[in-house]
Amino acid sequence: KSQSELILLSVNTFVKDAADPNPLVRALAIRTMGCIRVERIIEYLCEPLQKTLRDEDPYVRKTAAMCVAKLYDIQPELVIDRGFV
């Protein structure tokens, strides 16, 4: 939390990785973004999370579902408003 500016800069890389052709890379990107508990990045997480929840790979979908639970812990209103649950 003390280096939120640095985290903000690295989030762009994770967003790009969430669209990678390799399902393992997509899952790891979403998992990493879900573990970063900084409220400033939550808006950046929503679009890749919506895409990975509908991913063709079951591991990516499972990882995205776990990320929804972590996101709910931070901002339950956002999760409900975006239709994640």
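This note goes through the predicted model, from the overall fold to single residues.

1. **Fold.** The model is predicted, not experimental, and should be read as such. The secondary structure of the protein chain is 5 helices and 0 strands. In sequence order the pattern is α-α-α-α-α. The radius of gyration is 12 Å, close to the 12 Å that the globule rule gives for 85 residues, so the chain is as compact as a globular protein of that length.

2. **Dimensions and surface.** Along the principal axes, the C-alpha atoms fill a box of roughly 35 × 25 × 15 Å. The chain exposes about 5300 Å². Carbon and sulfur atoms supply 55% of that area. Of the 85 residues, 35% count as buried.

3. **Contact range.** Take the contacts between residues at least 6 apart in sequence. Of these, 55% join residues at least 24 apart. Several of the residue pairs below illustrate such separations. Met66 and Gly34 are 32 residues apart in sequence, with 8.2 Å between their C-alpha atoms. Lys62 and Ala27 are 35 residues apart along the chain, and their C-alpha atoms are separated by 8.6 Å.

4. **Charge.** There are 12 positive and 12 negative side chains. The centres of the two sets lie 3 Å apart.

5. **Nonpolar core.** The largest nonpolar core has 21 residues. Those that touch the most other members are Ile7, Ile30, Ile36, Leu45, Leu49, Leu71 and Phe84. The helices α1 (4-17), α2 (23-35), α3 (42-53), α4 (58-74) and α5 (76-81) each supply at least two residues of this core. In soluble globular proteins, nonpolar side chains tend to be buried together.

6. **Leu49.** What does Leu49 contact beyond its neighbours within four places in sequence? The partners are Ile30, Ala64, Cys67, Val68, Leu71 and Phe84. Among these, Ile30, Leu71 and Phe84 are also listed with Leu49 as residues that touch the most other core members.

7. **Leu45.** Leu45 lies in helix α3. Is Leu45 buried or exposed? Its relative accessibility is 3%, so Leu45 counts as buried. Leaving out residues up to four places away in sequence, Leu45 touches Ile30, Met33, Cys67 and Leu71. Ile30, Cys67 and Leu71 also appear among the contacts of Leu49. The C-alpha atoms of Leu45 and Gly34 are 7.9 Å apart, across 11 residues of chain.

8. **Thr52.** This is a threonine in helix α3. At 1% relative accessibility, under the 20% limit, Thr52 is buried. Residues up to four places away aside, Thr52 touches Ala18, Ile30, Val60, Arg61 and Ala64. One of these partners, Arg61, belongs to a residue type counted as positive.

9. **Thr63.** A second threonine to check is Thr63, in helix α4. Thr63 has 3% relative accessibility and counts as buried. Its contacts, not counting residues up to four places away in sequence, are Ala27, Ile30 and Arg31. Ile30 is thus a contact of Thr63, and Ile30 also touches Thr52.

10. **Exposed positions on α4.** Helix α4 also holds Met66. What is the accessibility of Met66? Its relative accessible area is 52%, over the 50% limit, so Met66 is exposed. Lys62 sits in helix α4 too. At 48% relative accessibility, Lys62 counts as partly exposed. By contrast, Thr63 in that helix is buried.

11. **Glu39 and the α2-α3 loop.** Where is Glu39? Glu39 is in the loop between α2 and α3. Glu39 is exposed, with a relative accessible area of 52%. Even so, Glu39 contacts Ile74 and Gln75, leaving aside neighbours within four places in sequence. Ile74 falls within the range given for α4, 58-74. The C-alpha atoms of Glu39 and Leu9 are 14 Å apart, with the two positions 30 residues apart in numbering.

12. **Points to keep in view.** Ile30 recurs in this note. Ile30 is listed among the core residues that touch the most other members. Ile30 is in contact with Leu49, with Leu45, with Thr52 and with Thr63. For a check on the model, these contacts can be followed from Ile30 outward.

Conventions
Residues numbered from 1 in each chain as written. Predicted model: local features only at pLDDT ≥ 70, side-chain atom pairs only at ≥ 80, totals over all residues. Heavy atoms only, no water. Helix = DSSP H or I, 4+ residues; strand = E, 2+ residues; numbered from the N terminus. Rg over C-alpha atoms; globule rule 2.2 N^0.38 Å. Buried < 20%, exposed > 50% of the residue type's maximum accessible area, 1.4 Å probe, protein only. Contact = heavy atoms within 4.5 Å. Areas by Shrake-Rupley, 256 points an atom, 1.4 Å probe, with all protein chains shown as cover. Charge placed at Lys NZ, Arg CZ, Asp CG, Glu CD. Core = buried A, V, L, I, M, F, W, Y, C linked by side-chain atoms within 4.5 Å.
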